[in-house]
Protein chains: 2
Amino acid sequence: MADLPGTQGHTGESLLFLTDEQLRQGIEAMFFAYRGFTADPDRILSEMHYGRAHHRAVHFIHIVPGTTVNNLLSILGVTKQSLNRVLRTLIDDGLVESRIGRTDKRERHLFLTPDGRDLEHRLSDAQRARMRAAYRQAGPEAVVGFRKVLEAMMDPDLQRHYSGLREPR
Amino acid sequence: MADLPGTQGHTGESLLFLTDEQLRQGIEAMFFAYRGFTADPDRILSEMHYGRAHHRAVHFIHIVPGTTVNNLLSILGVTKQSLNRVLRTLIDDGLVESRIGRTDKRERHLFLTPDGRDLEHRLSDAQRARMRAAYRQAGPEAVVGFRKVLEAMMDPDLQRHYSGLREPR
DNA sequence: TTGGAATGTCAACAAGGCTGACTTAAAGTC
DNA sequence: GACTTTAAGTCAGCCTTGTTGACATTCCAA
């Protein structure tokens, strides 16, 4: 592919000739791949009567421990009422701890309890295994391209959350 | 990027050293990218009080015109009750036509009406525009890698539906 | 000190998944 | 011809997870 005549030299130019069919295949690939992507954690979650919303909350609390509800809201892109319901069950079940802010008592800072960390680990293990297998099968060059396209597909303000987590903080 | 020292040459080998952090970034990239991926059609759909379920049905009826309900079920991976609710509204609204099978009269074959094709076009236009922009921004090599990883991430039986649509039939 | 903004909670509703039970019609089988 | 299986559709009811609206608490700035 890197040697197709006339496609190299200046980046991207050949892609001016993207057919609708090529794009459609990319769209479907996203659809089916996302199903595979969530399948393994979904199985674990449904066993304990949780859903994807719980997974997302647990994931980002793990990544940004001590985050406020508001911050989590902007990452997840749901209403606070929606998040709150999920958060409440996680707190009631002892997976998440909510501490009242010290400087601003309106804020709640969220942390995983040991049980929460345990669930997070099980979920991310399953998802990482799938990811690792796909990466190996596709090869390192493919992975770089994969990431590039995904990053270009994000909404700019969502990309901020994503990149923000990668940058030193 | 293709010139990073030590990452090129033999495919795959360097990725034996995938850190959890690298994998986690891939997972988050999938999460945020999928949000961007569905954002544009979601806007169009919500204007007309439809949801993603309607989009998926319309999309695959467009791709496989004349498909039976059962076949659509296996592509979408939902129950017939769930699909039926969506399908009924689409038929009532005159976007989908259901024809009784000629050889097997138990089957219903599904087709888009002109109005249905119109909606399909508006939805896929929006999604293709996002896809095209991402492809251009990432470059042709990245696109190949993107597709490779996505295909490796699918469940094998879902991949069948996906590939099946690409193969000549 | 008081009014507005920010944060989080409670209640109720809708979409869209799910299971289970059932009907109808057609096809296949003994 | 009677019985079974299959395709599709329907009704009822449940769950998760999104939504809006109303409200309490807390902070801060005029």
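This briefing describes how two protein chains pair with each other and how they meet two DNA strands in a predicted model. Chain A and chain B are related as by a two-fold rotation axis, so the briefing starts with the pair and its symmetry. Between them the two chains bury about 6800 Å². The surroundings of DNA strand C and DNA strand D follow, and the strand pairing within each chain comes last.

**The two copies and their interface**

- Chain A can be superposed on chain B by a rotation of 180 degrees with 0.1 Å of shift along its axis, and the RMSD of that superposition is 0.2 Å. The two copies are thus related as by a two-fold rotation axis.
- Both copies use the same surface for this contact, since 98% of the contact residues of chain A recur in chain B.
- Which residue of chain A comes closest to the rotation axis? That residue is Phe146(A), whose C-alpha lies at 1.8 Å from the axis.
- The contact involves 65 residues of chain A and 65 residues of chain B. Of the roughly stated total, about 6800 Å², 72% is buried on carbon and sulfur atoms.
- Ile27(A), Phe32(A) and Met153(A) together supply 10% of the area that chain A buries against chain B, which is more than any other three residues contribute.

**Surroundings of DNA strand C**

- There are 25 residues around DNA strand C, and those that come nearest are Asn70(A), Lys80(A), Asn84(A), Arg56(B) and Thr79(B), drawn from both chains.
- By class, the residues of this surface divide into 12 charged, 10 polar and 3 nonpolar.
- Four helices each supply at least two residues of the surface near DNA strand C, namely α3 (69–76) and α4 (80–92) of chain A together with α2 (52–63) and α4 (80–92) of chain B. The largest share, 5 residues, comes from α4(A).
- Sugar or phosphate accounts for 57% of the atoms of DNA strand C that lie within 4 Å of the protein, and the rest belong to bases.
- Two contacts from chain A involve the backbone of the protein: a polar backbone atom of Val69(A) is 3.4 Å from a phosphate oxygen of DNA strand C, and a polar backbone atom of Arg106(A) is 3.4 Å from a sugar or linking oxygen of DNA strand C.
- From chain B, an N or O atom in the side chain of Arg85(B) is 2.7 Å from a base nitrogen of DNA strand C.

**Surroundings of DNA strand D**

- DNA strand D is surrounded by 24 residues, the closest of which are Gly51(A), Arg85(A), Asn70(B), Lys80(B) and Arg106(B). Of the atoms of DNA strand D that come within 4 Å of the protein, 59% belong to sugar and phosphate.
- The surface near DNA strand D has 11 charged, 10 polar and 3 nonpolar residues.
- Here α2 (52–63) and α4 of chain A, together with α3 (69–76) and α4 of chain B, each supply at least two residues of the surface.
- Arg85(A) places a polar side-chain atom 2.5 Å from a base oxygen of DNA strand D, while a polar side-chain atom of Ser82(A) lies 3.5 Å from a sugar or linking oxygen of that strand.
- On the chain B side, an N or O atom in the side chain of Asn84(B) is 2.9 Å from a phosphate oxygen of DNA strand D.

**Strand pairing within each chain**

- In chain A, β1 (residues 67–68) and β3 (residues 108–112) pair in the antiparallel sense over 2 bridges, with Thr68(A) standing opposite His109(A) in β3(A).
- Strand β2 (residues 96–100) of chain A also runs antiparallel to β3(A), joined to it by 5 bridges, and Val96(A) stands opposite Leu112(A) in β3(A).
- In chain B, 3 strands form an open antiparallel sheet in the order β1-β3-β2. Because β1 (67–68) and β2 (96–100) of chain B stand at the edges with a single partner strand each, one side of each is left without a neighbour in the sheet.
- β1(B) pairs with β3 (residues 108–112) of chain B over 2 antiparallel bridges, and the bridge partner of Thr68(B) is His109(B).
- β2(B) and β3(B) run antiparallel and are joined by 5 bridges, and within this pairing the bridge partner of Ser98(B) is Leu110(B).

How values were computed
Residues numbered from 1 in each chain as written. Chains lettered and ligands numbered in written order. Predicted model: local features only at pLDDT ≥ 70, side-chain atom pairs only at ≥ 80, totals over all residues. Heavy atoms only, no water. Near = heavy atom within 4 Å. Polar contact = N/O pair within 3.5 Å; in protein donor to acceptor, adjacent residues only side chain to side chain. Nonpolar A, V, L, I, M, F, W, Y, C, P; charged D, E, K, R; others polar. Pairing = 2+ DSSP bridges. Least-squares fit on C-alpha atoms with pLDDT ≥ 70 in both. Contact = heavy atoms within 4.5 Å. Buried area = accessible area lost by both parts, 1.4 Å probe.
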